[in-house]
Amino acid sequence: MRRLTILGCGAAPGVPSLGRGWRVFDPDNPKNRRSRTSVFLEYDDVRLLIDTSPDLRLQLLHNDIRHLDGVLYTHAHADHVHGIDDIREINRIMRQNLDFYAGTKTVKYIKHNFSYLLSKPNKVNDVVRLPSMVPHVIKANHSFEIKGLKIMPIKLLNHCPECLGYVFNDGEIVYIADFKTIADSGYKQIKRRPKLLVLPLTTPYGQPAHAGTEDVLAVIERINPEKAVINHMATECDYNQVMTLTPDNVVPAYDNMKIDIDD
Ligand SMILES: [Zn+2]
Ligand SMILES: [Zn+2]
């Protein structure tokens with residue numbers, strides 16, 4: 001089975017947010033209620049989490065996710081990292097270390113802020129008390145494999161000093177995190193027409209560090225996936241409005257949305 005589950009599709013404050021409430025939203029549409037970003041990828045027998053949302057505990061519980069083969073991090077912002085402590089429960093269930101993969105700066109950030117979570121390779125902590133995560137530093141345009149699945153990190157630009165997207169199986173699935181632009185070297189790693197592209201639309205009008213609707217549609221046109229899913233939306237993005245702004249093969253995400261990827 002190949003399936004991607006959007007565990008949370010909200011930008012950093014979530015929707016509704018304490019400060020802005022529902023803003024332009026229709027609160028009666030349950031698809032407008034958004035927790036912060038995490039994604040769960042099941043690819044044959046590989047189970048991966050992308051980012052650890054501050055809402056991770058409820059996301060793992062709701063989707064009954066008990067086993068992982070690794071965590072991929074995109075960048076060191078709180079809305080993508082700060083649920084990391086909830087990985088303890090996965091350690092307890094699996095009774096083994098869990099590998100995580102991130103760029104140099106993100107690994108440094110996690111080591112500095114969550115040092116108690118890290119285990120040395122080959123040493124399993126007492127999993128009743130201590131989590132055991134093992135860092136692996138990865139680099140854009142240098143692929144690696146997890147249980148035979150090829151994963152290519154790509155460089156996302158102008159959001160923060162180091163932000164990675166992920167290209168799975170030469171482009172079958174493409175996951176783009178917070179970005180303003182995608183490096184040309186990243187586009188070159190997409191060697192086939194993706195079955196699925198997931199990318200963020202934080203606000204429709206864009207911001208200095210976030211692509212807006214025009215940028216996002218241009219990226220979709222350039223990558224030309226069979227299907228694109230709009231993720232990481234703030235209070236300015238109403239589900240029905242985003243649906244009307246985008247072509248037929250592009251849909252907004254909602255929490256716990258499951259997208260099956262055919263063989
Ligand atoms: Zn974010
Ligand atoms: Zn960010």
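Trainee: How many aromatic pairs does the count come to?

Mentor: This is a predicted model, and in it the count comes to 4 aromatic pairs. One of them brings together Tyr 73 and Phe 100, whose ring centres are 5.7 Å apart and whose planes stand at 90 degrees, so the pair is edge-to-face. Tyr 73 is in the loop between strand S4 (70–72) and H2, whereas Phe 100 is in strand S5 (residues 98–102), so that the pair links parts of the chain 27 residues apart. Both Tyr 73 and Phe 100 are buried.

Trainee: How are the rings of Tyr 101 and Phe 144 arranged, stacked or edge-to-face?

Mentor: Planes under 30 degrees apart count as stacked, and Tyr 101 and Phe 144 meet that rule with 15 degrees between their planes and 4.9 Å from centre to centre. This pair, too, links distant parts of the chain, since Tyr 101 belongs to strand S5 and Phe 144 to strand S7 (residues 144–146), 43 residues apart. Tyr 101 is buried with a relative accessible area of 9%, and Phe 144 counts as buried at 13%.

Trainee: Which residues coordinate the zinc ion (ligand 1)?

Mentor: Asp 79 (OD), His 80 (NE2), Asp 178 (OD) and His 232 (NE2) coordinate this ion, at 2.1 to 2.3 Å. Along the chain these donors follow the spacing D-H-x97-D-x53-H. Asp 79 lies in helix H2 (residues 78–81) and His 232 in the loop between strand S13 (228–231) and helix H7 (239–245), so the pair ties together parts that are 153 residues apart in sequence. Asp 79 is buried, and so is His 232.

Trainee: Why is the arrangement around the zinc ion (ligand 1) irregular?

Mentor: As a general guide, ideal angles for four tetrahedral donors at a metal are 109.5 degrees. A set of four counts as tetrahedral if all angles lie between 85 and 135 degrees; here the 4 donor atoms subtend angles of 90 to 163 degrees, which makes the arrangement irregular. When you look at this site, note also the zinc ion (ligand 2), which is 3.5 Å from the zinc ion (ligand 1), with Asp 178 coordinating both.

Trainee: Is Asp 51, with its positive phi, buried or exposed?

Mentor: Asp 51, a residue other than glycine with phi near 70 degrees, is found in the loop between S3 and helix H1 (56–63) and counts as buried at 0% relative accessibility. Asp 44 also has a positive phi, near 55 degrees, but is partly exposed, with a relative accessible area of 44%.

Key. Residues numbered from 1 in each chain as written. Chains lettered and ligands numbered in written order. Predicted model: local features only at pLDDT ≥ 70, side-chain atom pairs only at ≥ 80, totals over all residues. Heavy atoms only, no water. Donors = N, O, S within 2.8 Å, 3.2 Å for Na, K, Ca; no water. Tetrahedral: all angles 85-135°; square planar, octahedral: opposite > 155°, others 65-115°. Helix = DSSP H or I, 4+ residues; strand = E, 2+ residues; numbered from the N terminus. Buried < 20%, exposed > 50% of the residue type's maximum accessible area, 1.4 Å probe, protein only. Phe/Tyr/Trp six-rings, centres within 6.5 Å; stacked < 30°, edge-to-face > 60°.
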